[in-house]
Amino acid sequence: MPLKGVKLYIQDRHVMIDNGILQLTLSNPEGIVTAIHYNGIDNLLELLNDESNRGYWDLVWSLPGTTGTTGIFDVIKGTSFKVIMESEEQVEVSFGRGWDPSMEGKLVPLNIDKRFVMLRGCSGFYSYAIYEHLKEWPGFNLAETRIAFKLRKDKFHYMAVANNRQRYMPLPDDRLAPRGQALAYPEAVLLVNPVEPDLKGEVDDKYQYSCENIDNKVHGWICMDPPLGFWQITPSDEFRSGGPHKQNLTSHVGPTTLAMFLSAHYSGEDLVPKFKAGEAWKKVFGPVFMYLNSLTIGVGDDDPLSLWEDAKQQMEIETQSWPYCFPASIDYPKSDQRGNVSGTLFVKDRFISDEYISANGAYVGLAPPGEVGSWQRECKDYQFWTRADENGYFSIRNIRTGDYNLYAWVPGFIGDFKYDVLITILPGSDIDMSVLVYEPPRDGPTLWEIGIPDRSAAEFYIPDPNPLYINKLYVNHPDRFRQYGLWERYVQLYPDGDLVYTVGVSDYRKDWFFAQLNRKKDDGTYQRSTWQIKFKLEEVVEDGIYKLRIALASATIAELQVRMNDQKANPIFGSGMIGKDNSIARHGIHGLYWFYNIQVEGSRLVKGENTVFLTQPRATSPFQGIMYDYIRLEAPSSFSYV
């Protein structure tokens, strides 16, 4: 049968778009998604919720000078409706909200244009928005913005985030007392009397389903009767903040599905953009795709879980179609208005090889100009990332016009690469960077090392959870760090003293706890921890300078103090208070990356046994602490093993 054309129906209080596959209803002029009719179901969204609490764009903002990551929560409601495009092939509508000085202090100083697009023959719909701050307007902070969909709790019970992260989920009722018992923070709830008895004793916490941007392409829910899926597909990361490793929420109990564009999760205030008065800014978030799929029982594969496989295939189609050709806004550049950059990255480390080493698997990206590594805290503009192949070759395509720096980091090597020459992308640019060489920090040969330089603490010892606080999904799972309450296991495993690691004897996979945490005392207060690294030296260059390289995968209101061979001496290094990424509480295994190069005078070392003391002195909370990525001690460059 021929595919039906797209039809637009405008009513007094609603707008409906219909392409024969689904019907999308939005409030007029607010632009809230009030109903999605699909596969014989009148509305996939939660009927028990008010119309304004079903499918919506929202943001969190605060006044300039405000600190922290909280603020005023605002479900963005348009005040004007406009038809941008109307044909049988495509309907695009706009719900706009303007700003003027009479709104100062009441609404975020932004012009916001929310767009919804439906195409002929397409089993879903797209949404994107243009945010604009004019130069003459007052400043503000923008802590978060996203799209949220609240699905019907009587229909959607199975959630999928990844191939190995999917399960039947609790009901929202299960999180409320007396069915649920609140734990250390509101997001974590112990299911004490859930509607589904099999879930009794499990922990539900939305942060257990977080995902790095680079992997956060498709997630959603499956309804078993009738078998259909609701999926949120994000085909590009260019409009997300913080680079490829920034973690964001996905789907969680509600049933809720999110398209996160900007958040301070796993980073803290560093990723809250702060706009000043006099600072003009405009950004396009999206488009993202809400994809619907279904099965015909008795025809072909009638396993509802195959809807996940189909959603992944659709995600690949959407990704390969980026940048889309259909958005009508002039602020969304099409493919011929963008540029490309390619090249080959090598690593030069003379203490590993005399030859250049291919930067196999390197993360290479263009981000706004800044300092080395600044991309992970960048949160106002666009970033474009790829991974190098086994030969170090990279190709970054469809880059928006503008000025950028090229950044990279290479798994297996510490530190960050930045190409110092500004790269200007023009429409049609095709820039060949030829050969680039990264020289990671290195002064001398490695005496010993702990961990793998991959910006994560996942390779270290992650304990079994307390049997009282288990999410069954993560039992015998690669992401075992996502279990609740692992911070309490440290003092249980080290009841009589802190961790001591002996180089050449200990195994970091078994003997290095994944996070340096505070010790909880019997009176409920917390005590600092000091870890020790014991190592032997056969000889010492007394007038030489040794280098201790410490890379951190996470820090939360913490401090790192380093002492050598004298625990009571003044530290040879102190970081000061660092980090607010809260990755310990939120099962993140990493937050922002910190890297320190610490000089150790040879006179501080002795022939025979030495000890590095690592102290985290701030101790008022169970969630304060450090996750290490990698530690290495280098001998002076003149040192010889012979």
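Is Asn-39 buried, partly exposed or exposed? Keep that in mind as you open the structure. This is a predicted model.

**Stop 1: two residues with positive phi**

Select Asn-39. Find it in the loop between strand 4 (33-38) and strand 5 (55-62). Asn-39 is not a glycine, yet its phi is positive, about 55°. Now the opening question. Asn-39 has a relative accessible area of 34%, so it is partly exposed. The cut-offs behind that word are simple: buried means under 20%, and exposed means over 50%.

Next, select Ser-434. This residue sits in a strand: strand 32, residues 430-438. Its phi is also positive, about 60°, and Ser-434 is not a glycine either. The relative accessibility of Ser-434 is 44%, so this residue counts as partly exposed.

**Stop 2: two cis peptide bonds**

Select Ala-177 and Pro-178. The peptide bond between them is cis, with omega about 5°. Pro-178 belongs to the loop between strand 13 (165-168) and strand 14.

Now jump to Trp-322 and Pro-323. Here is a cis peptide bond with omega about -5°. Look for Pro-323 in the loop that runs between helix 1 (306-320) and strand 25 (339-347).

**Stop 3: a hairpin**

Select residues 156-162, which are strand 12. Add strand 13. The pair forms a hairpin, with 2 residues between the strands. Strand 12 and strand 13 run antiparallel and are joined by 4 bridges. Zoom in on Ala-162: Arg-165 of strand 13 stands opposite. Remember Arg-165, as it returns at a later stop.

**Stop 4: a three-stranded sheet**

Show strands 14, 15 and 16. They make an open sheet of 3 strands, in the order 14-15-16, with antiparallel pairing. Which strands stand at the edges? Strand 14 (180-182) and strand 16 (203-205) do, each with a single partner strand, so one side of each has no neighbour in the sheet. Turn the view to follow the twist, which averages 30° from one strand to the next.

Now zoom in on strand 15, residues 188-191. It runs antiparallel to strand 16, and 3 bridges join the two. One partnership to pick out is Ala-188 with Asp-205 of strand 16. What holds such strands together? Strands of a sheet pair through backbone hydrogen bonds.

**Stop 5: a strand with two faces**

Select strand 43, residues 594-601, and show side chains. Which of them point to the buried face? Trp-594, Tyr-596, Ile-598 and Val-600 point to one face and are buried. Phe-595, Asn-597, Gln-599 and Glu-601 point to the other face and are not buried. The side chains alternate along the strand.

Add strand 39, residues 545-558. It pairs with strand 43 in the antiparallel sense, over 8 bridges. Ile-545 has Glu-601 of strand 43 as its bridge partner.

**Stop 6: the largest pocket**

Select Lys-217, Pro-235, Ser-236, Asp-237 and Trp-385. Of the 23 residues lining the largest pocket, these are the closest to its centre. The space in this pocket is about 580 Å³. Helix 1, strand 28 (384-387) and strand 29 (393-399) each give at least two residues to the lining. Colour the lining by class to find 9 nonpolar, 7 polar and 7 charged residues.

**Stop 7: the second largest pocket**

Here Arg-165 returns. Select it with Cys-211, Asp-215, Asp-479 and Arg-482, the residues nearest the centre of the second largest pocket. This pocket has a volume of about 440 Å³, and 24 residues line it. Strand 12, strand 17 (211-212) and helix 1 each supply at least two lining residues. Which element gives the most? Helix 1 does, with 4 residues. By class, the lining has 11 nonpolar, 5 polar and 8 charged residues.

**Stop 8: the nonpolar cores**

Finish with Tyr-131, Leu-345, Trp-512, Leu-614 and Tyr-628. These residues have the most contacts inside the largest nonpolar core, which has 164 residues. Strand 24 (residues 281-294) brings the largest share of this core, 8 residues. Another core lies apart from it, with 9 residues. Select some of its members, including Ile-32, Tyr-207, Leu-249 and Leu-258.

Terms used. Residues are numbered from 1 along each chain as its sequence is written. This is a predicted model: local features need pLDDT of at least 70, side-chain atom pairs count only at pLDDT 80 or more; totals for chains, interfaces and linings use all residues. Side-chain values use heavy atoms; hydrogens and water are left out. Two strands pair if DSSP finds at least two bridges between them. Axes are lines fitted to C-alpha atoms, for helices over the stretch in contact, and angles run from 0 to 180 degrees between N-to-C directions. Buried means under 20% relative accessible area, exposed over 50%, partly exposed in between (1.4 Å probe, protein chains only). On a 1 Å grid over the protein atoms alone, a cavity is a set of points where a 1.4 Å probe fits but cannot get out, and a pocket is an open set with protein on both sides within 12 Å along at least five of seven lines; lining residues have an atom within 4 Å of a point. Grid points are joined across faces, edges and corners, and a volume is the space filled by probe spheres set on the points. Ala, Val, Leu, Ile, Met, Phe, Trp, Tyr, Cys and Pro count as nonpolar, Asp, Glu, Lys and Arg as charged, and the others, Gly among them, as polar. A nonpolar core is a set of buried Ala, Val, Leu, Ile, Met, Phe, Trp, Tyr and Cys residues joined through side-chain atoms within 4.5 Å.
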